[in-house]
4 protein chains.
Amino acid sequence: MIVIIKREATEEKISALAEWLKTQGIKPDISRGKDITIMGLVGDVNGIDTDLLGALDIVESIKRISEPYKAANRKFHPEDTVVTLDNGTKIGGDNFVFMAGPCSVESEEQIIEVASRVKKAGAQLLRGGAFKPRTSPYAFQGMGAEGIRLLMEAKAATGLPVVTELMDIKDIDLFDGVDIIQIGARNMQNFEMLKELGQVKKPILLKRGFSNTIQEWLMSAEYIISGGNRDVILCERGIRTFETATRNTLDITSVPVIHKVSHLPIIVDVSHSTGHADLVESASLASTAAGANGLMIEVHNDPAHAKCDGQQSITPDQFDIISEKVMKVRSAIL
Amino acid sequence: MIVIIKREATEEKISALAEWLKTQGIKPDISRGKDITIMGLVGDVNGIDTDLLGALDIVESIKRISEPYKAANRKFHPEDTVVTLDNGTKIGGDNFVFMAGPCSVESEEQIIEVASRVKKAGAQLLRGGAFKPRTSPYAFQGMGAEGIRLLMEAKAATGLPVVTELMDIKDIDLFDGVDIIQIGARNMQNFEMLKELGQVKKPILLKRGFSNTIQEWLMSAEYIISGGNRDVILCERGIRTFETATRNTLDITSVPVIHKVSHLPIIVDVSHSTGHADLVESASLASTAAGANGLMIEVHNDPAHAKCDGQQSITPDQFDIISEKVMKVRSAIL
Amino acid sequence: MIVIIKREATEEKISALAEWLKTQGIKPDISRGKDITIMGLVGDVNGIDTDLLGALDIVESIKRISEPYKAANRKFHPEDTVVTLDNGTKIGGDNFVFMAGPCSVESEEQIIEVASRVKKAGAQLLRGGAFKPRTSPYAFQGMGAEGIRLLMEAKAATGLPVVTELMDIKDIDLFDGVDIIQIGARNMQNFEMLKELGQVKKPILLKRGFSNTIQEWLMSAEYIISGGNRDVILCERGIRTFETATRNTLDITSVPVIHKVSHLPIIVDVSHSTGHADLVESASLASTAAGANGLMIEVHNDPAHAKCDGQQSITPDQFDIISEKVMKVRSAIL
Amino acid sequence: MIVIIKREATEEKISALAEWLKTQGIKPDISRGKDITIMGLVGDVNGIDTDLLGALDIVESIKRISEPYKAANRKFHPEDTVVTLDNGTKIGGDNFVFMAGPCSVESEEQIIEVASRVKKAGAQLLRGGAFKPRTSPYAFQGMGAEGIRLLMEAKAATGLPVVTELMDIKDIDLFDGVDIIQIGARNMQNFEMLKELGQVKKPILLKRGFSNTIQEWLMSAEYIISGGNRDVILCERGIRTFETATRNTLDITSVPVIHKVSHLPIIVDVSHSTGHADLVESASLASTAAGANGLMIEVHNDPAHAKCDGQQSITPDQFDIISEKVMKVRSAIL
């Protein structure tokens, strides 16, 4: 951490700050220039409150030079995190998974049909929403507990592990049979929930908030890991920009950036990031080529009558084609 | 609502859609052109699922022509909402309020001193954080229940009503003596919480999410109002943009936009939107001139040692000066 | 085009507008509802001034339903545009090209060495900046005319066609031997220049402005094509967002969007869009998988001493590896 | 400037870098920590190429600690720049001006009528576009030279100095009688043009690019000032964000930020930044309260038939009211 000292700061005040830092176990190195004085803080600065420091009279600004996350940081954990599900499915490292299924669970028939179809086409996990975050209070809010029950039936019928979204920690007991708990973009900085997820004994799929930086995303993962749950899977789902041709802007480069700075697996949700069924194939191939550890794709047996997000869902037939092409690209980059 | 029909759609399919719409109580007017066919839906379209409609084979796109919010919409409620607190303080309409106080409650001495000072300078409410949303799990998370207790002491000592943030609905019982419950930017789309706030018998100060549109903000207010709680106060607190000179970008024009489309009061948080104490005065004067119903300002007796956000806090002495100037501008526009 | 009429509009005013539209060759279809009246304009609406229409008393808003570009629109030109250079190199359709070379031309030795190396690794074009747009007036501004001369030497030595940036139309005569004129992001909406480029008899590589929508980008292409020059190649180079981990955010989905709505070729500049040499490989593979018609990559024989953008340049050895992997991904998707 | 050295850098390489910096007149201070080594560069670092430095093997990153602009920097020129026009009108410092008039010059009658009306209501300058930047090649492009001639007639008739946009430096001779040359948002980083404007002997109104940071804006001003023309007036006109309720997002805080870091005057274009006539009043009052040195407002005698931007133009009658209110707010803050 670097502290830029104001030009007009007195020697006395600078010394006082240096002394105080030493009491905190920090060694300050002071460089004096004509226009500027710099104090380099070397040592463990995680305990230093940057807001406090930045508000001091004599401080012009502060610059961090190391990342504020530790548990999620590849520097301190060079090995890839690999999450293993109960049925042996692995996520992370050299493994590649498809999480496919409908936006919302709508009926037993629907979820079992889609589950069977995507399994046949090579999917390792079934996705499906029971609790649905909707901008409008008047829109379909999901089947709730009944939706979870139907997902469990689909799991029993096909053997596919299930990933589904939790919107309120009070519903956690319903998620007993769920294999991966998904936390949606809008809850990425619901810090009270993140703290509780640190206590949960299940993998967490943490979606990126639609306007959160990669660093903020990793800080949210840090809440979960530092709370005791190491099985965090990141999920890029597009960010909000000025462009309106797509529902969100898929930040494809977040994939190699995450691999560089963190050991956590990263999945790309190619349906929400594009918002249009006819862009899903390109987004899938690109995400795979960029090195994603897997894809989350909305597949519906009847997209035109899906209860939500029908515009971005593909059919099982389209999924067959896309998954085959994805595996070809995957082979090409290995 | 307008449905744009694809050029290649058959007459049969268009008629089938029209028939189905009629069964939903909607009267579709069809305009046929050389390149395009348009279906205008007139009637109550709130029950129509736009995702479903948009996913149909023959539909190119859908355009809304009326706002999706009703309860928060000025068209249906032309009169300003005025929220009245227990001590008679009014927010909204022609009233103007200052909500001032420290970012975080830190001690009894601190909160009572700041409360007394801001009251003397004309503040109508005391703000202060007990539960603090922090990006980092390693940062100070607020005093919690003890912070609420200290706020109650400050209220008892000064008579100032209190506004403070609720981060988890499970803590609601602690908020008995609190006058306005603040919902932070990161929880603006925590829909499960919004539903529960609809049942609460207290005014809600709903901060705008830092990347949410004005329409999404009003849809979140709609969750609370349609749940039964009409006392919603909006709070603009800056949005996330590419500019880094300020912590956020104060979207000043949201103030007249809200007044145009909604009847709810709007307050501006001039501290978070700027992030720098030396910009607070200009932001306060601008927000007042733009027609805000009040200001939320961080005031700390010792900003350099504030436990969070010290950089953006002003001193009680600065608050004296700013509040006086604000009232001059307020007079100038009435 | 759809005109939403205000609720309070009189029949008289609506009729007057309808009459006037008819004189413009437009057939207006009027749909009247309880809350809203819609006028659908069918016919050739390109001559209609939407600003004028939108400002009328009785008009609430206007919604376009067809794209404002014609010449660049795939609807009217379903076949891919393929640009053919003097030496027979083709860009667009099923062809794939690498445009590689240094950010700036620095010396005869440098440009010839890099040109030879990238040619050997399979590049079809040499890129290199002679005129450099720089944020700071104090930064290196490029070698100018002398840089163009050196590019011509490298072209003579290797046979590689050359693409280089034009910043001011007054320099056009220097570009006689240049094969493709590059227009930078900052000049994408320099409309006076675009008009003049319509007269030029050379292919134009039109970079996307860093905050321009895909539609604005195509409108700028429209300026050039409607001026008489059909050889426009689009180049995605990243957009400006809130994320700071990368120099820009590569909008990967712009590739399939462009292929859907336009017939023009699209290239991805993987160096500017990422800004870091160690992200170039992933971005290259992703862009290829997404269906780009080629890549623009900064390659420097000594990135650590490059006069500009050294951080994002790769070495010729790295280019060898990346181009090989790219061709594998290219094969996988064909 | 601070150079962060990679952990794995050898002593030898660090020393070599330090030696080289000394030859450039820079004194490097080295602070060594457990995890990190920092090199503080004190001295005149403007000659140092940060791209070059950042690309070195041993360098992790570079952080600037002083602004890259000098001529536009208040630190080096504490006094406000005041631009004086031929008729004595002053812009900057304690002066306040209205620049009012139509988006486009359309006819002699129109421009003279509007000029007379806004003069009577207190405007000090007439604005009006002769050369119009338009996204679409099919939209009205302005009257060009004839428009300038009509502006000169309006100036002769009313005595109002004129501000109008220059889109191409080749037209500069037409601007002889123009008092302030406006450079539009899309040309803010047309560096070749900026260089030429440094030679011009007229004040330049430099609009902020719609996605440019305040620092980039000041760097563009720096091009003009360092070229020899000190009379630069900045004009905030809204930035591009995700919000669609307004045409752009007025970055109101740019006003106090500019006053803090620069000595140049700053004007706010309240018409383009909002895009709606009914938001112009609030934006005008807010900008004035924020400390702007003046306002640019589109006023049209018949907005419903304005050839461009009719939606955001106000009438002369509305201007009367707004200008009066603005002056009241102006008085309140002095």
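## Chain A against chain D: contacts and area

In this predicted model, 20 residues of chain A are in contact with 20 residues of chain D. The two chains bury about 1800 Å² between them, and carbon and sulfur atoms give 69% of that area. On the side of chain A, the three residues that supply more than any other three are A:Val42, A:Ile65 and A:Phe242, with 24% of the area that chain A buries against chain D.

The side of chain A that touches chain D has 9 charged, 7 nonpolar and 4 polar residues.

## Chain A against chain D: pairs and elements

Between chain A and chain D there are 2 salt bridges. One of them joins D:Lys75 to A:Glu60, with 3.9 Å between the closest N and O atoms. Polar contacts are absent from this interface: the count is 0 residue pairs, taking pairs with both residues at pLDDT 80 or more.

Four strands of chain A each supply at least two residues of the side that touches chain D: β1 (2–5), β2 (27–32), β3 (37–42) and β4 (59–63). Of the elements of chain A, β2(A) gives the most to this side, with 4 residues.

## Chain A against chain D: symmetry

A turn of 180 degrees, with a shift of 0.0 Å along the axis, lays chain A on chain D with an RMSD of 0.0 Å. The two copies are therefore related as by a two-fold rotation axis. A:Phe242 is the residue of chain A that comes closest to this rotation axis, its C-alpha being at 2.4 Å. A:Phe242 is also one of the three residues named above for their share of the area buried against chain D.

Because 100% of the interface residues of chain A are also interface residues in chain D, the copies meet through the same surface.

## Chain A against chain B: contacts and area

The interface of chain A with chain B brings 45 residues of chain A into contact with 45 residues of chain B. The area buried between these chains is about 3900 Å², with carbon and sulfur atoms giving 50% of it. A:Asp51, A:Tyr138 and A:Glu192 together supply 14% of the area that chain A buries against chain B, and no other three residues supply more.

Sorted by class, the side of chain A that touches chain B consists of 16 nonpolar, 15 charged and 14 polar residues.

## Chain A against chain B: pairs and elements

The interface of chain A and chain B holds 2 salt bridges. In one of these, the side chains of B:Arg240 and A:Glu216 meet with an N to O distance of 2.6 Å. There are also 17 residue pairs in polar contact between chain A and chain B, again with both residues at pLDDT 80 or more.

Three helices of chain A, namely α2 (50–54), α5 (191–197) and α6 (214–226), each supply at least two residues of the side that touches chain B. The element that gives the most to this side is α6(A), with 5 residues.

## Chain A against chain B: symmetry

Chain A is laid on chain B by a turn of 180 degrees and a shift of 0.0 Å along the axis, with an RMSD of 0.0 Å. The C-alpha of A:Ser211 is the one in chain A nearest this axis, 3.0 Å from it. The contact residues of chain A recur in chain B at 100%, and the same surface serves both copies.

## Domains of chain A

The domain assignment divides chain A into domain 1 (2–63) and domain 2 (83–333). The C-alpha centres of domain 1 and domain 2 of chain A are 44 Å apart.

How values were computed: Residues numbered from 1 in each chain as written. Chains lettered and ligands numbered in written order. Predicted model: local features only at pLDDT ≥ 70, side-chain atom pairs only at ≥ 80, totals over all residues. Heavy atoms only, no water. Contact = heavy atoms within 4.5 Å. Buried area = accessible area lost by both parts, 1.4 Å probe. Salt bridge = Lys/Arg side-chain N within 4 Å of Asp/Glu carboxyl O. Polar contact = N/O pair within 3.5 Å; in protein donor to acceptor, adjacent residues only side chain to side chain. Nonpolar A, V, L, I, M, F, W, Y, C, P; charged D, E, K, R; others polar. Domains from an automatic or database assignment. Least-squares fit on C-alpha atoms with pLDDT ≥ 70 in both.
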